[in-house]
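Got the viewer open? Let's take a walk through this one, one selection after another.

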Amino acid sequence: MQLELPVIPLRNTVILPHNTSPVEVGRAKSKRAVEEAMSADRLIFLVTQKDPEVDDPTQQDLYPWGVQAVIKQAIRMPDGALSVTVEARGRVYLSDYLPGTYLRARGEVHNEEPMKDATLARVLVDELKDSFEKYVASHKSLRLDRYQFDAIKGTADPAVLVDTIAYSGTWTVAEKQEVLETLDLEARLKKVLEFLTRDLDRFEMDKKVSARVKEQMDQNQREYYLREQMKAIQKELGGGEDGMGDLDELRKRIDEAGMPQAVKEKALKELTRLERMQQGSPEATVARTYLDWLSEVPWSKADDEVLDITVTRRVLDEDHYGLKDVKERILEYLAVRQMTKGLEVRNKAPILCLVGPPGVGKTSLGRSVARSMNRKFYRISLGGVHDEAEIRGHRRTYIGALPGKIIQGMKQVGVVNPVFLLDEIDKMSADWRGDPASAMLEVLDPEQNNTFNDHYLDVQYDLSKVFFITTANSLQNIARPLLDRMEVIEITGYTSLEKQQIAKHFLLPRQIKESGMEGKLEVTEAAIARVVSEYTQEAGVRSLERELGKLARKAAKLYLEEPWEGLRTVDAPEVPFYLGVTKYRPDKAEKEPALGTAQGLAWTPVGGALLTIESAAVPGSGKISLTGNLGEVMKESAQAALTYLRSHLDEWALPEDFHSKFDLHVHVPEGATPKDGPSAGITMATSLASALTRRPARMDIAMTGEITLRGKVLPIGGLKEKLLAAHQAGIHKVVIPKDNQAQLQEVPKEVLEGLEVTVVDDVGDVLRYLLLPEPVPPPVTSDNRPQPQPGAGA
C-alpha cells in the first residue's frame with residue numbers, strides 16, 4: 001500500500017513499530033508537518049537522520065526506511081516547540097520526496113508476514129524473553145517500570161516482541177536502524193538475540209573486572225591500614241611520622257621513574273625492607289641512600305636531539321677552526337640518525353677517540369658536539385684513575401659506598417642520551433685495586449653497554465644511547481682491547497697559519513673580553529703572527545692563548561694608568577713591549593753543513609720535533625757508545641746503521657779495520673728526554689757515515705725513515721706532525737720513505753707548498769743526497785802531525 005504523508009526527521013533516535021514514544025518538534029518545517037497531519041488524518045512518517053548535525057535535511061540526509069505513525073497528542077510548549085506523542089504502526093520505504101514548505105513523501109508500507117515455522121518462532125520468542133530478562137537485570141542504566149517489563153514478557157506476537165525489545169535496548173542508532181530495515185521476521189529475531197547475547201557477555205566481563213578491581217582496592221585499603229599502624233608504632237618508638245611520609249614520597253618517585261620492570265621490582269622489594277627497619281638505624285640509612293640513587297638515575301627521560309647536519313656543521317664551525325676529519329665523522333653519524341629516524345633500526349652511538357697533542361681542542365670539541373646536537377654534556381677526567389671501583393662503583397657492603405663515575409654522571413645530567421667526554425683515557429693506570437681500563441671495556445663496547453652493571457646499583461643499566469667521546473695524547477698507553485672498541489681520529493698540530501686564524505677569530509676576542517678591553521684594543525695580524533712564531537712553540541694553541549691573555553692584561557694595566565680614546569692598535573714591533581724578550585727564533589734549525597751531524601724528525605705526544613743526531617769517530621779499540629737517554633729500539637737502529645756501513649765499505653771508501661781501531665760515539669742532545677723508535681734509522685746512518693768519511697752532512701735537510709741491514713728505507717708513523725715540525729723550524733727540504741708518499745695528502749696545503757719532499761727507498765740514495773762530495777781534512781795534533789782518521793786510511 002502506498003501513502004503520501006508529511007515527514008518528521010528524527011535526530012539520534014530510531015522509533016520502531018508497535019511502540020508509543022514522545023517526540024520533541026522544534027524545527028519550523030517539522031512543526032508545519034505536524035500541523036498538516038493534525039488537520040488531516042493524523043498520519044505521519046517518522047525517519048531518522050544520518051547526521052544529527054544537519055539542521056535542514058533533504059532526502060540524501062535521511063535513511064530510506066522509517067515508520068508510519070499516528071499522532072496521539074500534540075501540545076505546544078511555552079518556547080514554541082511541540083511535544084508530540086506518536087504511535088508507530090508499521091515499516092515504510094520512502095521513495096519520493098515532494099517539494100513544499102515542509103517535508104512530504106510517498107512511502108510504501110511493508111506488510112509483516114508471520115514465520116512459517118511456528119515451533120522455531122516459539123523457541124526464538126522464549127530465548128528472546130529470557131535474554132531480555134537477564135539484560136534488564138544486568139544493565140546498570142536501563143530502568144523499566146514493572147508495568148512495561150510485564151507487558152513485554154506477556155507479549156506472544158513475535159513481531160511486536162522483537163520491535164519492543166529492540167526499542168528498549170540501549171544500542172546505537174545504526175544498530176536500531178539495522179533492526180528496522182531487517183524485513184524478514186526470523187532474521188530480525190536472531191539479530192536482536194545476537195545484540196542481547198553480545199551485551200550480556202560484556203556485562204559479565206565488566207562484572208569480573210569490577211570484582212578484580214574491588215579485590216585490589218580491598219588489598220590497597222589493607223596495606224594502607226597496615227602502613228598507618230606502622231606509622232603509629234614508629235611514632236610511639238620515637239621515630240616520628242616524617243620517616244613514613246618520606247617513604248611514601250620515595251614510593252611515588254619509584255613509580256614515576258620509568259624503570260624497567262625488573263629494576264622496579266627490586267626497588268619495591270628494597271622499599272618493603274626499609275619500611276620494616278627502625279628509622280635512623282645504619283641499615284635503614286644504607287637502604288635509603290640506595291633507593292635515592294635508584295630513583296634519581298634517569299631510566300627513560302631523553303633530550304630531543306637536533307638531527308640536522310646543516311645546523312650541526314654550522315655550530316661546529318663556529319666553535320672550532322679546522323678539525324675536518326672529526327667534524328666529518330660526527331656529521332656522518334648524525335646523517336645516519338637523520339635518515340633512519342622513525343625506522344626500526346638500532347643506531348649504536350659511536351665511540352670516538354680523539355688523539356692528539358695538548359691544546360688542539362679535543363676537550364672543547366666535546367662541548368661543541370653536545371651543543372650542536374642539543375644534548376646534555378658531562379666530562380669525566382680519567383687522568384690518574386687507578387681503581388676499578390671509580391668506574392664500576394663500590395658494593396653496598398662497604399661503608400660510604402657510592403656508584404662509579406659513569407652512574408654519577410648519568411644522575412647529574414638527568415637524561416639517558418647525553419654526550420660523555422672521557423678525558424685523558426690514556427692516563428689511567430692499574431694497581432692492586434684493579435684495572436680501570438678493563439672496567440671501561442663494558443662501558444665503551446656498543447654490544448655490551450646496554451646492560452652495564454654498576455656494583456653499587458647491582459642492576460643492568462642501558463648506556464647505549466650515550467654518545468661517548470674519549471681523548472688521549474698518545475695511543476701507546478691505551479690497552480689494545482680498549483682501543484679496539486673505539487674509532488680513532490687523530491688530531492694533529494696546527495700550522496702557523498691555522499694558529500693565526502684561531503688566535504684572530506677565537507682566542508684573542510675571548511681574552512680581550514675577559515680583560516674588559518672590548519672597544520679599546522686591537523691586535524694586527526702581523527702582531528699575531530709574531531706571537532705565534534717567536535713566543536710559542538707547540539702543536540696546540542694553549543700557550544698561544546696564555547701569551548695573548550698576557551698581552552691583553554698588560555694593555556688593561558696601561559689603560560688604567562693612562563686612559564686613551566678609541567682603539568689602541570698593537571703591531572708586530574710593539575709585541576716585545578707587552579710580552580718581553582722573544583723566546584724562540586723562527587728559524588731555529590742549523591743550516592750549515594756539519595761533520596758527523598744529521599737533522600732528523602721525531603714524533604712526540606705533543607707534536608713533531610727536530611731530532612739532531614751527532615756522531616764522532618776517535619782513535620780507540622772499536623767501542624760503541626750510545627748516549628742521550630735512548631730506548632732499546634733506537635739503539636738497535638744505530639746498530640743496524642753501523643752494520644749496513646760495514647757491509648758497504650768499498651761503496652763509501654771506508655777502511656776495513658775502522659771498527660777495531662776507532663771508537664764510535666752516537667749522541668742525541670736533550671739527554672733528559674727519553675727517546676725511542678725506529679724512525680731515526682736513516683738519520684743515524686747519515687750521521688755515522690759523515691763522521692767516518694769526514695764528509696759533512698747538509699743540515700738544511702731533515703729526514704725520517706727506518707733502516708734495514710740491506711739498506712732499505714721502511715715507512716714510519718706521524719708523518720704529518722714531523723713535516724709540521726720541519727715547516728715551523730724553517731726547514732724547506734725533507735726526505736721521507738717512498739711508502740709514506742700517499743700520506744702527503746693529509747698534510748696541509750700551505751705546509752707542502754713550503755717543502756721540497758724527496759722520497760727514497762734505499763739509504764744509499766739518502767747518503768748521496770745529504771753528504772757533501774769533498775771530505776774535511778783531519779785535525780792537526782800539537783806536534784803538527786795529522787791525527788789518524790778512518791776516512792783517510794790508517
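Start by selecting His320 and Ser368: their side chains make a polar contact at 3.3 Å. This is a predicted model, so keep in mind that every distance on the tour is computed from it. Stay on His320 and bring up Leu365, whose backbone nitrogen lies 3.3 Å from a polar atom of the His320 side chain. Zoom out a little and you'll find His320 in the loop between helix H10 (309-319) and H11. Is His320 buried or exposed? With a relative accessibility of 8%, His320 counts as buried, because the cut-off for that is under 20%.

Next, the second largest pocket, with about 710 Å³ of space. Of its 22 lining residues, select the ones closest to the centre: Asp325, Glu490, Thr492, Lys720 and Glu746. Then colour helix H11 (324-339), helix H17 (496-514) and helix H24 (719-728), the elements that each give two or more residues to the lining. Colour the lining of this pocket by type and you get 9 nonpolar, 5 polar and 8 charged residues.

Now jump to helix H8, residues 261-276. Put a distance between its end C-alpha atoms: they are 23 Å apart, and that agrees with the 22 Å expected for 16 residues at 1.5 Å a residue. Show the buried residues of H8 as sticks: Val263, Ala267, Glu270, Leu271, Leu274 and Glu275. How do these sit around the helix? Look down the axis of H8 and its buried residues fall within an arc of 145°, so they line one face of the helix. Such a pattern is easy to follow by eye, because an α-helix has 3.6 residues a turn and residues three or four places apart point the same way. Swing round to the face of H8 turned away from the buried side, where you'll meet the exposed residues Gln261, Ala262, Lys269 and Arg276.

For another helix, try H4, residues 158-168. H4 is mostly covered, with 9 of its 11 residues buried; among them are Leu161, Val162, Asp163, Thr164 and Ile165. At the N-terminal end of H4, select Asp157, which acts as the cap: one of its side-chain oxygens lies 3.0 Å from the backbone nitrogen of Ala159.

Over to helix H19 (residues 542-561), where you want Glu547. Glu547 counts as buried, at 8% relative accessibility. Add Tyr578 to the selection: it is 31 residues away from Glu547 in sequence, and the two C-alpha atoms are 9.4 Å apart in space.

Lys116 is the next stop, in the loop between strand S6 (104-109) and helix H2 (118-138). Lys116 counts as exposed, at 88% relative accessibility. Pick Glu186 as well: C-alpha to C-alpha it lies 9.4 Å from Lys116, although 70 residues separate the two in sequence.

Finish with a pair of backbone oddities. Select His18, in the loop between strand S1 (2-10) and strand S2 (20-25). His18 isn't a glycine, yet it has a positive phi of about 70°, and at 35% relative accessibility it counts as partly exposed. Then go to Asn629, in the loop between strand S18 (624-627) and helix H21 (632-646). Asn629 has a positive phi of about 60°, again without being a glycine, and is partly exposed, with a relative accessible area of 37%.

Conventions:
Residues are numbered from 1 along each chain as its sequence is written. This is a predicted model: local features need pLDDT of at least 70, side-chain atom pairs count only at pLDDT 80 or more; totals for chains, interfaces and linings use all residues. Side-chain values use heavy atoms; hydrogens and water are left out. On a 1 Å grid over the protein atoms alone, a cavity is a set of points where a 1.4 Å probe fits but cannot get out, and a pocket is an open set with protein on both sides within 12 Å along at least five of seven lines; lining residues have an atom within 4 Å of a point. Grid points are joined across faces, edges and corners, and a volume is the space filled by probe spheres set on the points. Helices (H or I, at least four residues) and strands (E, at least two) are DSSP runs, numbered from the N terminus. Ala, Val, Leu, Ile, Met, Phe, Trp, Tyr, Cys and Pro count as nonpolar, Asp, Glu, Lys and Arg as charged, and the others, Gly among them, as polar. The expected span of a helix is 1.5 Å times one less than its number of residues. Buried means under 20% relative accessible area, exposed over 50%, partly exposed in between (1.4 Å probe, protein chains only). The arc is that of the directions from the helix axis to the C-beta atoms. A polar contact is a pair of N or O atoms within 3.5 Å; within protein, one must be able to donate a hydrogen and the other to accept it, and residues adjacent in sequence count only if both atoms are side-chain atoms.
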